Amino acid sequence: MRFVEQHRTQSILALFHVGTILVGSIGVGLILKVCGYTDGQEMSWLVVFVRNWGFVLSLIPVLWVLSTLWMELHHSWHSKRVTLISGILLWAGLIWFFIRIAARASSILFRMGNQ
């Protein structure tokens, strides 16, 4: 338990990252379901990837945690402040990514329904 206490920043931010990925992936799937997406319709490969394989994106927080732990242990210039800033930037990037994907999924399906 001491290891988790020492690296509380990584633990908390990784939970936010994974939560964002899960909510984003489920949200994209829900948008596609509500808008009536069927597997036969042509859709952006990125939207389909997030819908079908979004859980794979959970490797991003794992790699972030491993890299920040390694940097904190092996480099004196890497501090908790750098870990916190990089974690918040990664979280903001994930939120931005899923908002863009959700917007793309809903706008494409909306246009397809109006034709």
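Select helix H2 to start: its 27 residues should span 39 Å at 1.5 Å a residue, and the end C-alpha atoms are 38 Å apart, which agrees. The expected span of a helix is taken as 1.5 Å times one less than its number of residues, and helices (H or I, at least four residues) and strands (E, at least two) are DSSP runs numbered from the N terminus. The model on screen is predicted, so local features need pLDDT of at least 70 and side-chain atom pairs count only at pLDDT 80 or more, while totals for chains, interfaces and linings use all residues. Residues are numbered from 1 along each chain as its sequence is written, and side-chain values use heavy atoms, with hydrogens and water left out.

**The whole chain**

Zoom out before going further: the protein has five helices and zero strands, and from the N terminus its elements run α-α-α-α-α. Of the 115 residues, 31% are buried, where buried means under 20% relative accessible area, exposed means over 50%, and partly exposed lies in between (1.4 Å probe, protein chains only). The protein exposes about 7,700 Å², with carbon and sulfur atoms supplying 71% of that area; accessible areas come from the Shrake-Rupley method with a 1.4 Å probe, and for residues only the protein chains shown count as cover. Among contacts (heavy atoms within 4.5 Å) between residues at least 6 apart in sequence, 75% join residues at least 24 apart.

**Along H2**

Return to H2 and colour its buried residues, which are Gln 10, Leu 13, Ala 14, His 17, Thr 20, Ile 21, Gly 24, Ser 25, Val 28 and Leu 32. Just after this helix, select Gly 36, which takes a positive phi of about 85 degrees.

**The largest nonpolar core**

Next select Val 28, Leu 32 and Val 47, which touch the most other members among the 13 residues of the largest nonpolar core. Such a core is a set of buried Ala, Val, Leu, Ile, Met, Phe, Trp, Tyr and Cys residues joined through side-chain atoms within 4.5 Å. Helix H2 (8–34), helix H3 (45–53) and helix H5 (80–113) each supply at least two residues of this core, and H5 gives the most, with five residues. A second, separate core has five residues, including Leu 13, Trp 64, Val 65 and Leu 69. In soluble globular proteins, nonpolar side chains tend to be buried together.

Centre the view on Val 28 to see its surroundings: leaving aside residues up to four places away in sequence, Val 28 touches Val 47, Val 50, Arg 51, Ile 101 and Ala 102.

**Where H2 meets H5**

Now select Leu 13, which is found in helix H2 and, at 6% relative accessibility, counts as buried. Beyond residues up to four places away in sequence, Leu 13 touches Trp 64, Thr 83, Leu 84, Gly 87 and Ile 88. Draw a C-alpha to C-alpha distance from Leu 13 to Gly 87, and the two turn out to be 6.1 Å apart in space although 74 residues apart in sequence.

Move the selection to Gly 87, which lies in helix H5 and counts as buried at 0% relative accessibility. Setting aside residues up to four places away in sequence, the contacts of Gly 87 are with Leu 13, His 17 and Trp 64. From Gly 87 to Phe 16, 71 residues away in sequence, the C-alpha to C-alpha distance is 9.4 Å.

**Helix H4 and its two faces**

Select H4 next: its 16 residues should span 22 Å at 1.5 Å a residue, and its end C-alpha atoms are 22 Å apart, which agrees. The buried residues of H4 are Pro 61, Trp 64, Val 65, Thr 68, Leu 69, Met 71 and Glu 72. Look down the axis of H4 and these buried residues fall within an arc of 165 degrees, so they line one face of the helix; the arc is that of the directions from the helix axis to the C-beta atoms. Turn the helix over to find the exposed residues Leu 59, Leu 63, Leu 66, Leu 73 and His 74 on the face turned away from the buried side.

**The salt bridge**

Finish at Glu 72, which lies in helix H4 (residues 59–74) and counts as buried at 18% relative accessibility. Not counting residues up to four places away in sequence, Glu 72 touches His 7, Gln 10, His 78, Ser 79, Lys 80 and Thr 83. Which side chains meet in a salt bridge? Those of Glu 72 and Lys 80 do, at 3.4 Å from N to O, and the structure holds one salt bridge, defined as a side-chain nitrogen of Lys or Arg within 4 Å of a carboxyl oxygen of Asp or Glu. Lys 80, at 36% relative accessibility, counts as partly exposed.
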